[in-house]
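Hi,

Here is the structure I promised to pass on. Have a look at it first, and then read my notes below.

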Amino acid sequence: MVVGYVLIMGALAIGLRLARRSARAEAAGAAAVTNPGQPAGQTNPAPVSAPLATPVPAAPTAPNAPAGVPPAREAGRVTARARLRAIAAPEPGWRRFVIHYLGTAVGGYLLLMVVIIGYYFGISPVAGNFVQSAFSGCALLIGLATPVFIALSWLVERKGWRI
Amino acid sequence: MTQEVGVTRHPLIGYFVWALLFGALFAWEGLALTYKFGDVPTLSATFRAIMRYPFGRWALFALWLWFGWHIFVRGWHFLLRA
């Protein structure tokens, strides 16, 4: 029971951490769009002494760049970040679709395996080849569902099918 | 002559609890669909909210896999066999 509780709470904690991280990344991305010269770690650092309602005017000559960092290096850092973002979340299309699908399928598969292994070794060892069947059976299901899902996605997106 | 699949007998209360749980689930969904109870989200709205985040998608996919594994793979027999 304790192991089950720890598993559930651990999964929830990981989910919360991921959600907060993605929200922080979105905020950083929005800040980079509005102010491309500013690094993501330094999202509008308002001066402590200034009141919150007072807008901080951006200096036209130095766009909030940290002191001592040359502009060329700063621009290179932004370009690298944009390139990383383009790899993780590219423009809508087949590449993005495949990345999204693979991420979901692999993540879900691994999560289920973690839960099953935790249940089997921590709570109750189910009779039979439970763990082996989970690994092979779930992989078989993904293998069977993938071509059907890709075909349906193609029909809906490219052929205008209504499901 | 066809041989029926053996079914283990369990106390009736166990089946009753499952029926109650599923009944509550569908009753809640029905209430959400009637729009008479304010901002009660439907099951699909709840799933949409969960799937906004990667971990939510993983969890739902894992649930789908677990269900499909039990229904179609583990101890599989033809579904219409009584």
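Start with A:S133, which touches A:C138, B:W69 and B:R74 once you set aside its neighbours within four places in sequence. So one serine of chain A has contacts in chain B as well as in its own chain. A:S133 sits in helix α4 of chain A. Is A:S133 buried or exposed? Its relative accessible area is 14%, and because the cut-off for buried is under 20%, A:S133 counts as buried. Keep in mind throughout that this is a predicted model.

There is a second serine to look up in that helix: A:S153 is also part of α4 of chain A. A:S153 comes out at 15% relative accessibility, so A:S153 is buried too. Its contacts, again leaving out residues within four places in sequence, are A:F97 and A:R158.

Now for where the two chains meet. On the chain A side 26 residues are in contact, and they face 14 residues of chain B. The size of an interface is often given as the accessible area lost when the parts come together. For chain A and chain B that comes to about 1,700 Å², with carbon and sulfur atoms making up 84% of it. Which helices of chain A supply at least two residues each to the side that touches chain B? They are α1 (2-34), α3 (94-122) and α4 (130-159). Of these, α3(A) gives the most, with ten residues. Sorted by class, that side of chain A has 17 nonpolar residues, nine polar ones and no charged ones.

What about specific links across the interface? The count of salt bridges between chain A and chain B is zero. Two residue pairs are in polar contact there, both at pLDDT 80 or more.

Next, each chain in turn. Chain A has four helices and zero strands, so if you read along its sequence you get the pattern α-α-α-α. How many of its residues are buried? Of the 163 residues of chain A, 23% count as buried. If you take the contacts in chain A with a separation of 6 or more, 60% of them join residues 24 or more positions apart. Chain A exposes about 11,700 Å², and 70% of that comes from carbon and sulfur atoms.

Chain B has three helices, and its strand count is zero; along the sequence its pattern is α-α-α. It has 82 residues, of which 15% count as buried. The area chain B exposes is about 7,100 Å², with 72% supplied by carbon and sulfur atoms.

One last stop in chain B is B:P41. Where is B:P41? You'll find B:P41 in the loop between α1 (12-33) and α2 (43-50) of chain B. With a relative accessible area of 45%, B:P41 is partly exposed, because that class runs between the 20% and 50% cut-offs. Not counting residues up to four places away in sequence, B:P41 touches B:A32 and B:T46. You can also check a distance here: B:P41 and B:L31 are ten residues apart along the chain, and their C-alpha atoms are separated by 9.5 Å.

Cheers

How values were computed. Residues numbered from 1 in each chain as written. Chains lettered and ligands numbered in written order. Predicted model: local features only at pLDDT ≥ 70, side-chain atom pairs only at ≥ 80, totals over all residues. Heavy atoms only, no water. Contact = heavy atoms within 4.5 Å. Buried area = accessible area lost by both parts, 1.4 Å probe. Salt bridge = Lys/Arg side-chain N within 4 Å of Asp/Glu carboxyl O. Polar contact = N/O pair within 3.5 Å; in protein donor to acceptor, adjacent residues only side chain to side chain. Nonpolar A, V, L, I, M, F, W, Y, C, P; charged D, E, K, R; others polar. Buried < 20%, exposed > 50% of the residue type's maximum accessible area, 1.4 Å probe, protein only. Areas by Shrake-Rupley, 256 points an atom, 1.4 Å probe, with all protein chains shown as cover.
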